[in-house]
Amino acid sequence: MLDQIKGLHHVTSLARDAKENNNFFTHKLGLRRVKKTVNFDAPDVYHLYYADEFGTPGSVMTYFPFPDAARGRPGTGEVGFTAFSVPEGTLAFWAQRLVSEGVTGLKRSELFGEQRLTFEGPDGDGFALVETRDDGRAPWTNGGVGSDEAIRGFHSVSMRLQDGGATAELLKFMNYEEIDKSGSVRRFAVKGDSNGADVIDVESLPVLGHARQGAGSVHHVAFAVENRAKQLEVRKALMETGYQVTPVIDRDYFWAIYFRTPGGVLFEVATNEPGFDRDEDTKHLGEALKLPSQHEHLRPYLESHLQPIED
Ligand code: ZN
C-alpha cells in the first residue's frame, strides 16, 4: 500500500493557443501563473503552470500549447473532467462570471451530494467547479476573484474508462479507498492525510469509443509525494506489481516518474520538492521565461519565436 501518495500534484493538458490559454486561467478563472517555461522534451513549445500563490501541489494546472494541434476527440481512456474546489454557495457567482466571459458549455448538476458547474475550456476541455465545505486551502486573490469565491485548488479528476475495474484496483494500491458509488461512477479518496486534492472519480463506459488525444485533452495526471525518497519507494512498489515505470526525471520544479494505467490514462508521481520558487522569487513567479539548463542555449531563439502570451 502506497501511503506516500497525498493527493493530486498537477494535471497537464494540451492546448492550441498559448495566449488564449493564459487568458482563460489567469483572467477568467483567476488563477496565478506560477511558471512560464518550455516543454523540456519539445522546447519550442511553452509549458505554462497555473495555480495558487505558491504553486502548491494539488492546485497546479499545466499546459503544453501546440499552435497546430488538432482538437482532441472525447472518449474513453482519458480524464473527462478536471474539477476545482470553490466555497459553498458560489456557483451562481461563477455561472454569471463565466457567461459574461464568454465561456461555453455551462451546466449545473449534482454528484455525490455536491453541487457542480461544468464548463468548457478554450479547446473544449472538460472542467467543473465543485462547491466544497470547509476547504482550508488559501486561494490566490490577485487574479480578479475575491477570497469568498476564488478557486481553492483541485477537487478531483474524473476518468472515463471502458472498464474501470483494473484502474480501481490500482487506485486502492495507491492509497485510495472507494467512498461512494453512483450509477457508473465510483468515487475514490486518499486515505489518511492529504493535500486537499484527494478525490478521483472513475466512470465505466463500456460502449464509448477510445478518445483521440489533442488540444483540450488531459495529457497526464500527477500524484503528490513529499520527497524523492518516498518517490523511490513508490517506484519500487509499482515495478514489483508489474508496472513499467520510467526512471526518475528532473523537471526542475519537481522530480517525476511516469507509468501507463490499465485504463489508458498516463499517471505521474511527482515530488513536492523543490517547488516553483527554486529559480524565481515568490513575488514574481511566472513572469519571466524560465529555461532548464539543458535548453538555456536556445534562449535567443525561443524569446524571438515563442508567441507572447500577454497583451
Ligand atoms: Zn507532469
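**Group meeting: core, pocket and histidine 27**

Leaving aside residues up to four places away in sequence, phenylalanine 223 is in contact with Ile5, Gly7, Leu8, His9, Leu171, Met174, Tyr176, Ile200, Phe267, Glu268, Val269 and Ala270. A second, separate core has 13 residues, among them Val34, Ala51, Ala222 and Leu266. Bear in mind that this is a predicted model.

Back to phenylalanine 223. The largest nonpolar core has 64 residues, and those touching the most other members are Leu29, Leu129, Ile200, Phe223 and Phe267. As background, nonpolar side chains in soluble globular proteins tend to be buried together.

Next, the pocket. The largest one holds about 500 Å³ of space. It is lined by 32 residues, of which Gly80, Phe81, Gly126, Phe127 and Arg160 are the closest to its centre. Which strands each supply at least two residues of that lining? They are E5 (78–87), E6 (107–111), E7 (114–120), E8 (126–132) and E9 (153–161). E5 gives the largest share, 5 residues. By type, the lining divides into 10 nonpolar, 12 polar and 10 charged residues.

Last, histidine 27, which sits in helix H1, residues 18–28. Is histidine 27 buried or exposed? Its relative accessibility is 35%, so it counts as partly exposed. Not counting residues up to four places away in sequence, histidine 27 touches Asn22, Arg97, Glu101 and Gly143. With glutamate 101 there is a polar contact, side chain to side chain, at 3.2 Å. Asparagine 142 is 115 residues away from histidine 27 along the chain, and the C-alpha atoms of the two are separated by 9.9 Å.

Methods
Residues numbered from 1 in each chain as written. Predicted model: local features only at pLDDT ≥ 70, side-chain atom pairs only at ≥ 80, totals over all residues. Heavy atoms only, no water. Helix = DSSP H or I, 4+ residues; strand = E, 2+ residues; numbered from the N terminus. Buried < 20%, exposed > 50% of the residue type's maximum accessible area, 1.4 Å probe, protein only. Contact = heavy atoms within 4.5 Å. Polar contact = N/O pair within 3.5 Å; in protein donor to acceptor, adjacent residues only side chain to side chain. Core = buried A, V, L, I, M, F, W, Y, C linked by side-chain atoms within 4.5 Å. 1 Å grid on protein atoms, 1.4 Å probe; cavity = no way out; pocket = protein on both sides within 12 Å on 5 of 7 lines; lining within 4 Å. Points joined across faces, edges and corners; volume = space filled by probe spheres on them. Nonpolar A, V, L, I, M, F, W, Y, C, P; charged D, E, K, R; others polar.
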